[in-house]
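Please look over the sequence and the structure shown here before reading on. The report below is written for someone meeting them for the first time.

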Amino acid sequence: MRIIAHLDMDAFFASLEESYTPDFKGKPIVVGAEPKDGKGRGVVSTANYKAREYGIRSALPISRAWQLSEKAKSEGKEPAIFLPVDFERYEKASAEIYEIIKKYSQSVEPASIDEFYFDLSFAKSYSKAEKICKEIKKDIKEKLKVTCSVGIAPNKLIAKISAGMKKPDGMNIVKEEDAEKFLEPLSIREIPGIGPKTEQLLNGRGVKIVKDLKKFSIEQLYEALGKWGQELYFKVRGIDDSPIVEDREVKSIGEQATFQYDTLDAVYVGDVLEKMCRHVFRRFSNSGFKSFKTVAISVRFSDFETKTSAKTLKDRTNSEKVFKIEALKLLLPYLDARKNPRRKLIRLIGVRLEKFL
Ligand code: TTP
Ligand code: MG
């Protein structure tokens with residue numbers, strides 16, 4: 001019998017900020033772009049649960065988050081505290097959480113900065129698995145002063161969905177015999193992989209909840225959605241054999257920033273790029289990787305068209321200078337006719353390193 005757990009940190013970046021600064025405890029916290037009194041651009045990375053009460057959440061424009069905070073203030077509530085993203089610190093915390101889980105399970109997959117799958121089949125029973133997860137939750141809380149939510153289930157799919165349902169600081173167990181029924185009433189969007197487009201397509205065929213999807217044969221799903229449709233056929237029945245991928249390597253280290261105003265000013269763009277490169281390089285240095293081979297940049301124009309360019313080096317390197325030069329070389333064509341014939345203004349740039357060893 002397989003027993004798989006999924007652990008997802010609660011309001012991760014914001015909870016960490018609360019733990020770093022005791023004065024913030026219990027206050028609404030928003031981590032993301034600078035709000036600049038409502039004129040800021042860019043988005044919210046995350047908000048803690050207190051700030052979510054104001055309607056502030058991930059991916060909301062930071063200007064909107066500011067308005068919501070001002071509104072709360074005018075109603076006599078506490079305004080939100082806005083903080084910049086401190087990736088370096090969050091990555092360190094993520095590594096500490098990984099080490100804690102690793103003490104309890106041999107097989108751990110870091111699925112994102114704040115999510116982990118791990119195998120608890122060795123526990124042989126759900127009650128034993130639950131006990132282990134309680135210990136893990138306790139250790140994380142003691143060491144990092146933040147909470148997480150855990151789902152325990154026969155596979156990754158059910159574990160992930162169930163963890164998300166008992167947030168924050170929750171624990172949810174779905175046994176194999178209950179897995180199929182557990183999924184039936186859920187919105188199809190709960191199935192990882194079903195995004196807004198697939199949802200729309202399926203809604204058009206009268207499919208709203210997971211149960212509705214079971215009307216279709218595997219051939220029909222294949223016809224509608226290709227190979228992924230075949231996988232979906234099994235998923236909606238609670239069946240998922242996907243393994244824990246232990247050393248899922250970090251694929252990239254990068255960051256992006258929205259400019260204060262749309263621009264083509266090479267000096268300004270170059271300055272921002274330089275700062276971002278410095279920061280990304282520091283994270284690369286802390287990552288434990290010895291070298292990289294690919295440098296990539298992305299550019300978003302004022303009309304939101306987004307382009308990416310990447311350069312794979314002949315020889316891998318660990319040079320910050322090479323990184324900066326290559327990033328600049330990739331970016332410059334977007335400032336002139338080479339890759340920007342209509343001279344559109346740039347709204348955002350991103351830079352990242354890839355192909356690590
Ligand atoms: P999530 O786990 O999606 O969100 P969360 O941990 O903040 O809140 P929840 O309790 O609902 O799990 O993402 C983890 C971190 O990733 C989050 O703290 C910040 C970052 N993030 C972004 O920067 N932008 C985004 O749009 C999302 C969804 C997350
Ligand atoms: Mg989370």
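What follows describes the surroundings of the ligand and then the cysteines.

## The model and the place of the ligand

This is a predicted model, and the description begins with where ligand 1 sits. Residues of the shell around ligand 1 come both from domain 1 (4-10 + 87-175) and from domain 2 (14-83), so the ligand lies between these two domains.

In terms of secondary structure, at least two residues of this shell are supplied by each of β1 (4-9), α1 (12-20), β3 (44-47) and α2 (49-52).

## The shell and its contacts

There are 13 residues around ligand 1, and those that come nearest are Ala11, Thr46, Tyr49, Arg52 and Asp114. By character, the residues of the shell divide into five nonpolar, three polar and five charged.

Oxygen atoms of ligand 1 take part in several pairings with side chains: a polar side-chain atom of Arg52 lies 2.8 Å from one such oxygen atom, an N or O atom in the side chain of Asp8 is 3.0 Å from an oxygen atom of the ligand, and for a polar side-chain atom of Lys167 the distance to a ligand oxygen atom is 3.1 Å. Taken alone, ligand 1 exposes 550 Å², of which the protein buries 68%.

## The cysteines

The structure holds zero disulfides. For Cys133, which is in no disulfide, the nearest cysteine sulfur is that of Cys148, 8.8 Å away, and Cys148 is likewise in no disulfide; a disulfide would need the two sulfur atoms to be within 2.5 Å.

Cys133 counts as buried because its relative accessibility is 0%, and Cys148, at 2% relative accessibility, counts as buried too.

Definitions and conventions. Residues are numbered from 1 along each chain as its sequence is written. Chains are lettered from A and ligands numbered from 1 in the order in which they are written. This is a predicted model: local features need pLDDT of at least 70, side-chain atom pairs count only at pLDDT 80 or more; totals for chains, interfaces and linings use all residues. Side-chain values use heavy atoms; hydrogens and water are left out. A residue is near a molecule or strand if one of its heavy atoms lies within 4 Å of it. A polar contact is a pair of N or O atoms within 3.5 Å; within protein, one must be able to donate a hydrogen and the other to accept it, and residues adjacent in sequence count only if both atoms are side-chain atoms. Accessible areas come from the Shrake-Rupley method with a 1.4 Å probe; for residues, only the protein chains shown count as cover. Helices (H or I, at least four residues) and strands (E, at least two) are DSSP runs, numbered from the N terminus. Ala, Val, Leu, Ile, Met, Phe, Trp, Tyr, Cys and Pro count as nonpolar, Asp, Glu, Lys and Arg as charged, and the others, Gly among them, as polar. Domain bounds come from an automatic or database domain assignment. Buried means under 20% relative accessible area, exposed over 50%, partly exposed in between (1.4 Å probe, protein chains only).
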